[in-house]
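Q: I have a model open and would like to talk through its helices, cysteines and rings. Could you keep the cut-offs explicit as we go?

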Amino acid sequence: MNFQNQNKIKQLSEKYFKEGLYCSESILKAFEDVTGYSFSEDFKRSMTILGEGIGESGCICGALSSAILIAGHFSGRTSVEADRGYAQKLGKIIIDKFKSKYQTTCCKTLKKRSEIMFGIGQYRHCPEMTSFCAEMIYKIALEEGWIKEE
């Protein structure tokens, strides 16, 4: 595995977040920049609604949602007859990795716990979670053969 690309996707996702993109948008943009893969404009727009726990509701973390949707883009089925197990398995893997590190997937809870978990205030934890999810989906994409390293 190219650790330079792994570090780059983490750094870019944090940079884009700090520049004003939502965590979900930052991950997608960093993924495109590092891998050279291009998502459709429709797919890119779908990342906006995930911000701040989906529509600013505080529900599932937007960074986590972004990683799941990127995985779904590559693994999802296109017909009723197609196997849904592969995508479902990957979704569970992503959720489990996130929960293992942060104990919850809830944006609202993560915000409340950020000072305790990270020793920092509300929203200051988002860049770290964004880079974690960006790295996670990058590694999965490599392992699953969706992208190739240069």
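Q: Is α2 mostly covered or mostly open, and how many of its residues are buried?
A: Helix α2 is mostly covered, since 11 of its 13 residues are buried, where buried means under 20% relative accessible area, exposed means over 50% and partly exposed lies in between, with a 1.4 Å probe and protein chains only. Helices here are DSSP runs of H or I with at least four residues, and strands are runs of E with at least two, numbered from the N terminus. This is a predicted model, in which local features need pLDDT of at least 70 and side-chain atom pairs count only at pLDDT 80 or more, while totals for chains, interfaces and linings use all residues. Residues are numbered from 1 along each chain as its sequence is written, and side-chain values use heavy atoms, with hydrogens and water left out.

Q: Which residues are the buried ones in α2, and what covers them?
A: The buried residues of α2 include Cys23, Ile27, Leu28, Phe31 and Val34, along with Glu25 and Glu32. What covers them includes α1 (3-18), α3 (41-46), α4 (62-75) and α7 (126-143), with contact taken as heavy atoms within 4.5 Å.

Q: What span should α2 have, and what comes after the helix?
A: The expected span is 1.5 Å times one less than the number of residues, so the 13 residues of α2 (residues 23-35) should span 18 Å, and the end C-alpha atoms are indeed 18 Å apart. The helix is followed by Gly36, whose phi is positive, near 80°.

Q: And α5, how far does that one reach?
A: Helix α5 (residues 85-102) has 18 residues and reaches 26 Å from its first C-alpha to its last, close to the 26 Å expected. Its buried residues are Leu90, Gly91, Ile94, Phe98 and Tyr102. They lie on the same side of α5 because they cover an arc of only 105° around the axis, the arc being that of the directions from the helix axis to the C-beta atoms.

Q: Which exposed residues sit on the face turned away from that buried side?
A: That face of α5 carries Gln88, Lys92 and Ser100, which are exposed. After the helix comes Gln103, whose phi is positive, near 70°.

Q: Switching to cysteines, how many disulfides are there?
A: The count comes to zero, with a disulfide defined as a pair of cysteine sulfur atoms within 2.5 Å. Cys133 is in no disulfide, as the nearest cysteine sulfur, that of Cys61, is 5.5 Å away.

Q: Why is Cys107 not bonded either?
A: The sulfur of Cys107 is too far for a bond, because the closest cysteine sulfur, in Cys61, is 6.1 Å away. Cys107 counts as buried at 10% relative accessibility, and Cys133 is buried too, with a relative accessible area of 0%.

Q: Now the rings, how many aromatic pairs does the structure hold?
A: It holds 10 aromatic pairs, where rings of Phe, Tyr and Trp (its six-membered ring) pair if their centres lie within 6.5 Å, and planes under 30 degrees apart count as stacked, over 60 as edge-to-face and the rest as tilted. One of them joins Phe39 and Phe74 edge-to-face, 6.1 Å centre to centre with 70° between the planes. Phe39 lies in the loop between α2 and α3 and Phe74 in helix α4, so the pair ties together parts that are 35 residues apart in sequence.

Q: What about Phe74 and Trp146?
A: Phe74 and Trp146 are stacked, 5.0 Å centre to centre with 10° between the planes, and both are buried.
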